[in-house]
Amino acid sequence: MPTDALVSSHQQGINMLASPLLDSSTITKSTSFAFALSTASTANRSFIAAHRPSITGLKWSKEGSSDNIDPRVIYKGRQRGRGRFKSVSAYGRRAEERVLEEEVPQMVESRPSFRTFPGQAYPLGVSELENGVNFAIFSQHATGVTLCLSLPEREEHDKLDGGMVELTLDPRVNKTGDIWHICIEDLPRDDVLYGYRVDGPRGWHQGHRFDRSIILIDPYAKLIEGRRVFGDSSNKMAKFFGTYDFSSLPFNWGDNYKLPNIPEKDLLIYEMNVRAFTADESSGMDPSIRGSYLGIIEKIPHLLELGINAVELLPVFEFDEFEFQRRPNPRDHMMNTWGYSTINFFAPMSRYASAGGGPANASREFKEMVKALHGAGIEVILDVVYNHTNEADDDNPCTISFRGIDNKVYYMVDPNNNGRLLNFSGCGNTLNCNHPVVMELILDSLRHWVVDYHVDGFRFDLASVLCRGTDGSPLNAPPLIRAIAKDTVLSRCKIIAEPWDCGGLYLVGKFPNWDRWAEWNGKYRDDIRKFIKGDAGMKGTFATRVAGSADLYRVNNRKPYHSINFVIAHDGFTLYDLVSYNSKHNGANGEGGNDGSNDNFSWNCGSEGETSDADVKALRFRQMKNFHMALMISQGTPMMLMGDEYGHTRYGNNNSYGHDTSLNNFQWGQLEAWKSGHFRFFSEMIKFRRSRRAFGRENFIGMSDVTWHEDQWDNPESKFLAFTLHDKDGGDIYLAFNAHDYNVKTAMPSPPQNRRWFRVVDTYLKSPDDFVPQGVPDIGTTYNVAPFSTILLEAKT
């Protein structure tokens, strides 16, 4: 069957589940089965009922007025081979070149009855036990829980009168503490969709939001089924359900597979978006794998040519790209392409699978991506969002999981404001991260990604939220932050905080760290921007930042590499826009220009936006090289943004989260156009940093490590800084930054004994003279550093 037909057939089933038949008021059938225990005493019957299997009473629900609902059928003893896949090449692995062998299951029963057991409380989520499939979910305040199942569709003659199978859990049998559980024998080992109806107190002012008419996603679901194709507007309102896969063979990581285990001091991070990296037609890929995990595999040669050794992926947990289109609003023309709106913390984004392959394929292809990146020596860091979910606020809620399961536990609520949600995330709700249950959920999620998917680290979005107590107040020693730092499974991982939130808790340089946590250094970003564009009074601060921000991180056993240095990140201007726009241009976002930061510290070099002025354009490309140069020579861990290597523009939009277009998508044609110039400089500078010991030091630099050629520290109008980084073997590096609008003639210091200076970089020169890897000799005793330019000299024999 063609791919489109397969996706369409699948989606019909999802649409059936999304129909009104899920409302409890439409249930039209109920069948009960029970064991006859006539010979037992009343007490014994109660004990036996709690500890022996039974044929469970079910509700087989459907919409009474519908005659054409796709029905479901129950199968017993079903086994299925998920398939064996063959790789065609090391990096290029197209969906159509994989071989899938599948055994057709055999139906042995077709009636809505189950043999069930009380089940067990742990592990949470779905697990396979010796006697069946176990379901376990936490809810402290629930008074009733119903497990809802939808079973695989089969041939027409096998179909029953369709609907969801509902199993009402008996708290006397199916509850241990605050965990509700049941084990079901003979369920299919994959392709089952499931969710829960949860009932409980209606006390809004107490923080409860129970509504048993909604089928909710299991917070511990390892896979999420829903819309199959990213941006499929014909299924805009598709519902999401948990699912599982116990039939696939364990993923084969390979006999020679090993983790890169790159030391933090040597890390060079490339922040990127999985979909945007290859979604554009210019990627040259088959449409079935554009914007997918497999797409990244095909572009690994680009990452290697650039020279980075770690990718930081924007959120890859399941999210709904159509969340802005749930109701009429100023943003309902946009689509969430960044993914900072999590549905579930365990499931990989299913629509990043190739060819609409669904959740099980997404899981496997994610692992293929990690394996291929690791094989190329590139680590994988995930941008994770544990500060809020996509369930929005109390005014326009989207109840799909946590809110309906136990709102008072999972979210921070304000008892002094009618139990309404607190909002330190800027997205309507705030996850109650330091509640013991939520903390364990987050830890379980992180371990899952490390153990099952082999990821190498995490960047925590708005991590200051994770430093707040259950009432929202800041904590000096947040239990969750400490637990992550001390966890054995996470001990090999890089852990990086975005040390601020939308409630004003700014913790740059002060984030609780236990000598483990690194931080996005927002002060580095701002101070580098100000100096390079020529702001007065910034020279001393600039020197502090490129030297490793010791004022922020030289505490206890923290290291320079705990400062994640960046000039550009996903939110804000691209590097090209930083030197092309004085102000943001966010009209396309539909918020009247009120979104996005106003503090960009940018300079358009003399003309706002696109221009044909050759001098302005030359200055802009020089400034981009200056920024990249500063980033690469700084002590600490550098991070750059996808697309800056060719000068990607968003035309002044500094908050482009909602555009699934070329505004965000990597433009491979532009890369080719700038390959021999702009890209070459960026790549050579990255490789130069990685090959020289002067940069990326283990410890903070001391008096013997650097000489500052400076006597103008107290002059706010001085915008020229020169210094030498010393190497114990004589390979010193001399650097000079000129942020003036005029030439500065500077005297060259004497090189180490038996060495002479070679010019490697002069950003004022055109390619290829702007970067000469072997260096240009005979520099002389003085050097004219051009306006808004940087030079780098290396001492060589």
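Helix α16, which spans residues 675-691, has a kink of about 30° centred on F681 in this predicted model. Many positions of α16 are buried, among them G677, F681, F682 and F688. The points below then turn to the barrel, to the surroundings of N309 and to the salt bridges.

**Helix α16**
- The residue at the centre of the kink, F681, is itself one of the buried residues of α16.
- Charged or polar residues of α16 also appear among the buried ones, including H678, R680, S683 and R689.

**The barrel**
- Eight strands form a closed barrel with parallel pairing, in the order β14-β15-β16-β19-β20-β21-β22-β23.
- From one strand to the next, the twist averages 25°.
- Strands β22 (residues 563-566) and β23 (residues 637-641) run parallel and are joined by three bridges.
- F566 has M639 as its bridge partner in β23.
- Helix α14 (residues 614-633) packs on the sheet, where it touches β22 and β23. The direction of α14 makes about 150° with that of β23.

**The surroundings of N309**
- N309 lies in the loop that connects α5 (300-306) with β15 (310-313).
- Is N309 buried or exposed? Its relative accessible area is 3%, which is under the 20% limit, and N309 is therefore buried.
- The side chain of N309 reaches the backbone nitrogen of L268 at 2.7 Å.
- Leaving aside residues up to four places away in sequence, N309 touches I262, D266, L267, L268, G377, I378, E379 and R690.

**Salt bridges**
- The model contains 41 salt bridges.
- One of them pairs E166 with R197, whose closest N and O atoms are 2.9 Å apart. E166 belongs to strand β8 (residues 164-168) and R197 to strand β11 (residues 190-199), so that the pair links parts of the chain 31 residues apart. Both residues are buried.
- D487 and R447 meet through their side chains in another salt bridge, at 2.8 Å from N to O. D487 sits in the loop between α9 (479-486) and β20 (494-497), while R447 is in helix α8 (residues 436-451), 40 residues apart.
- With a relative accessibility of 10%, D487 counts as buried, whereas R447, at 22%, is partly exposed.
- K625 and D770 form a salt bridge of 3.0 Å, N to O. Because K625 lies in helix α14 and D770 in the loop between β28 (756-762) and β29 (771-776), the pair ties together parts that are 145 residues apart in sequence. K625 and D770 are both buried.
- R227, E318, D320, E321 and R351 are joined into one network by salt bridges that share partners.

Notes
Residues are numbered from 1 along each chain as its sequence is written. This is a predicted model: local features need pLDDT of at least 70, side-chain atom pairs count only at pLDDT 80 or more; totals for chains, interfaces and linings use all residues. Side-chain values use heavy atoms; hydrogens and water are left out. Helices (H or I, at least four residues) and strands (E, at least two) are DSSP runs, numbered from the N terminus. Buried means under 20% relative accessible area, exposed over 50%, partly exposed in between (1.4 Å probe, protein chains only). A polar contact is a pair of N or O atoms within 3.5 Å; within protein, one must be able to donate a hydrogen and the other to accept it, and residues adjacent in sequence count only if both atoms are side-chain atoms. Contact means heavy atoms within 4.5 Å. Two strands pair if DSSP finds at least two bridges between them. Axes are lines fitted to C-alpha atoms, for helices over the stretch in contact, and angles run from 0 to 180 degrees between N-to-C directions. The bend at a residue is the angle between axes fitted to the seven residues ending there and the seven starting there. A salt bridge is a side-chain nitrogen of Lys or Arg within 4 Å of a carboxyl oxygen of Asp or Glu.
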